[in-house]
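Here are my notes on this chain, point by point. Please read them with the structure open.

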Amino acid sequence: ASARFLTAAEEVLKELLQGKEQATIGLVEGALLLEGVPVKGSAELFGSFIDRLKAREVEGLTFLHGVTSGEIQLFVETLSTDASLIKEAGGMKEVLTQKGVRHIAVVYPGEIKEAEEEVEEEIEKKQARILYQRALGVVKNIMQEARMGKVPSNEHFPPMVKTMVDGVFDHKYALIALTMIKSYDEYLFTHSINVGILSLAVGQFLGLSKEALFELGLGAFLHDLGKVNWPDDILMKPRDLSDEEWRYVKRHPVDGVKIMEKMGNTNPNALAVIKEHHIRYDRTGYPSLEPEKEPSFLSALVSIADAYDAMTTVRPYQNAMEPTKTIERMRSLSGKAFDPELLENFIRMLGVYPVGTVVRLSTGELAVVTKPNPNDSTRPMVKLLLDRAGRKLEGEVDLMEKDEATGTFKRSILLPVDPAALNIDLTPHLG
């Protein structure tokens with residue numbers, strides 16, 4: 001009878017696996033699901049089987065192509081063994097591995113959800129990359145047309161900004177992660193996109209309406225549009241500019257406004273962002289404002305995003321600052337260059353350890369921050385890079401995770417690290 005059962009089971013599985021790599025049996029609220037479809041009457045027909053799976057904390061089984069009757073027999077024997085003995089031996093998964101069962105995988109509670117979350121996260125990253133590249137293409141085309149003396153087409157710009165506003169609601173931290181992948185060769189274009197994303201992210205954090213975010217985006221994504229009139233050597237030159245070169249620099253906000261108006265973008269809030277993003281909180285900067293006029297709230301916000309992205313990027317005249325040092329530097333300019341309240345909100349949005357910060361953990365591992373933790377900004381999500389010995393690691397971990405035995409956190413951040421000093425390229429880890 002046992003032999004007949006095993007042979008029949010093997011035949012059924014062969015049929016299920018025909019043309020497929022695997023077949024899955026799941027357990028949801030006391031009922032069996034075969035390939036996600038509930039098995040009618042499973043509680044009555046397979047009650048004993050279901051009870052045994054529950055007792056061994058098994059939530060699902062995946063049968064892989066090539067499963068044999070011998071492996072099925074070993075699985076049945078393991079399922080028939082006392083549950084306490086299985087637990088002492090390390091659980092069903094460990095016991096089956098020790099017995100050499102390679103084509104039957106055990107799924108524990110939470111693993112299905114974790115796998116689904118990993119897939120969703122990968123989808124989110126992919127969608128963020130698509131949004132970023134599309135926005136980059138639109139801004140690049142506008143700037144290149146303006147540089148050639150044409151009036152740039154405005155056809156794709158407002159729709160792109162609307163899409164990015166929605167994108168910040170759906171994929172905020174995936175987009176912020178992309179702002180940390182810097183392109184030296186296309187600095188003007190990528191800087192424009194990065195400033196747009198960071199501005200929208202803090203605007204959304206502050207609770208601005210989508211209409212206000214759209215106006216913010218119209219200005220932020222093209223805040224440096226006037227730089228298209230600069231000679232090439234100014235863009236790449238260190239800070240020791242001649243008087244003539246400095247006149248070009250100080251002119252670019254007003255030049256940007258003129259190009260925007262020619263394009264048909266006449267939103268006053270967007271134009272204010274372009275004109276005023278180099279006016280400091282203490283009213284110094286350029287161009288000069290009329291004494292009775294206050295810089296706009298949106299332009300003050302963009303000036304913070306502009307400075308943050310510029311300071312975290314390698315330039316001809318500076319090395320990139322790592323994010324925590326950038327925040328430290330910007331705080332030293334609070335009340336002078338930056339609106340103190342807006343700056344603190346920007347920092348709160350980024351977290352104590354902003355996305356893209358490389359950190360040394362209490363375990364000796366190196367990791368990069370991928371997402372802040374809204375409940376504890378000192379314990380973000382991180383992606384492991386290297387172990388204590390410098391060997392490559394993979395996998396994302398939550399620094400809120402605790403050791404069940406001791407109740408203490410498994411990992412904590414010791415200090416931020418400069419990735420350039422360790423020759424770490426963050427591109428494959430944040431994109």
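**Notes on the predicted model**

1. Start near the C-terminal end of the numbering: L422 sits in the loop that links β10 (413–417) to α17 (427–430). The model is a predicted one. L422 is partly exposed, because its relative accessibility is 39%. Setting aside residues up to four places away in sequence, L422 touches L366 and V417. Its C-alpha lies 19 Å from that of S183, and the two residues are 239 apart in sequence.

2. The next residue to check is N423. N423 belongs to the loop between β10 and α17. Its phi is positive, about 55°, although N423 is not a glycine. Is N423 buried or exposed? N423 counts as exposed, because its relative accessibility is 73%.

3. Now the overall make-up. The protein chain holds 17 helices and 10 strands. Its radius of gyration is 28 Å, whereas the globule rule gives 22 Å for 431 residues; the chain is therefore more spread out than a compact globule. The C-alpha trace spans about 95 × 45 × 35 Å along the principal axes.

4. Burial and contacts come next. Of the 431 residues, 44% count as buried. Take the contacts between residues at least 6 apart in sequence: 63% of these join residues at least 24 apart.

5. On surface and charge: the chain exposes about 22,300 Å², and carbon and sulfur atoms supply 53% of that area. There are 51 positive and 64 negative side chains. The centres of the two sets lie 3 Å apart.

6. Helix α3 covers residues 47–55, and its buried residues are G47, I50 and L53. Why do they lie on the same side of α3? They cover an arc of only 125° around the axis, so they share one side of the helix. The general rule behind such spacing is that an α-helix has 3.6 residues a turn, so residues three or four places apart point the same way.

7. E57 comes just after α3. The loop that holds E57 runs between α3 and β4 (60–64). E57 has a phi near 55°, a positive value in a residue other than glycine. E57 is partly exposed, because its relative accessible area is 49%.

8. Helix α9 (residues 187–205) contains N194. N194 counts as buried, because its relative accessibility is 2%, and the cut-off for buried is under 20%. Which residues does N194 contact, once neighbours within four places in sequence are left aside? The partners are Y132, L178, T179, K182 and D309.

9. G203 is also placed in α9. G203 is buried, because its relative accessible area is 0%. Leaving out residues up to four places away in sequence, G203 touches L208, L213, L216 and L301. G203 and N345 are 142 residues apart in sequence, yet their C-alpha atoms are 9.5 Å apart in space.

10. One peptide bond to look at: the bond from Y286 to P287 is cis, with omega near -10°. P287 is found in the loop between α13 (268–276) and α14 (297–311).

Terms used
Residues numbered from 1 in each chain as written. Predicted model: local features only at pLDDT ≥ 70, side-chain atom pairs only at ≥ 80, totals over all residues. Heavy atoms only, no water. Helix = DSSP H or I, 4+ residues; strand = E, 2+ residues; numbered from the N terminus. Rg over C-alpha atoms; globule rule 2.2 N^0.38 Å. Buried < 20%, exposed > 50% of the residue type's maximum accessible area, 1.4 Å probe, protein only. Contact = heavy atoms within 4.5 Å. Areas by Shrake-Rupley, 256 points an atom, 1.4 Å probe, with all protein chains shown as cover. Lys, Arg positive; Asp, Glu negative; His and termini not counted. Charge placed at Lys NZ, Arg CZ, Asp CG, Glu CD. Arc of directions from axis to C-beta.
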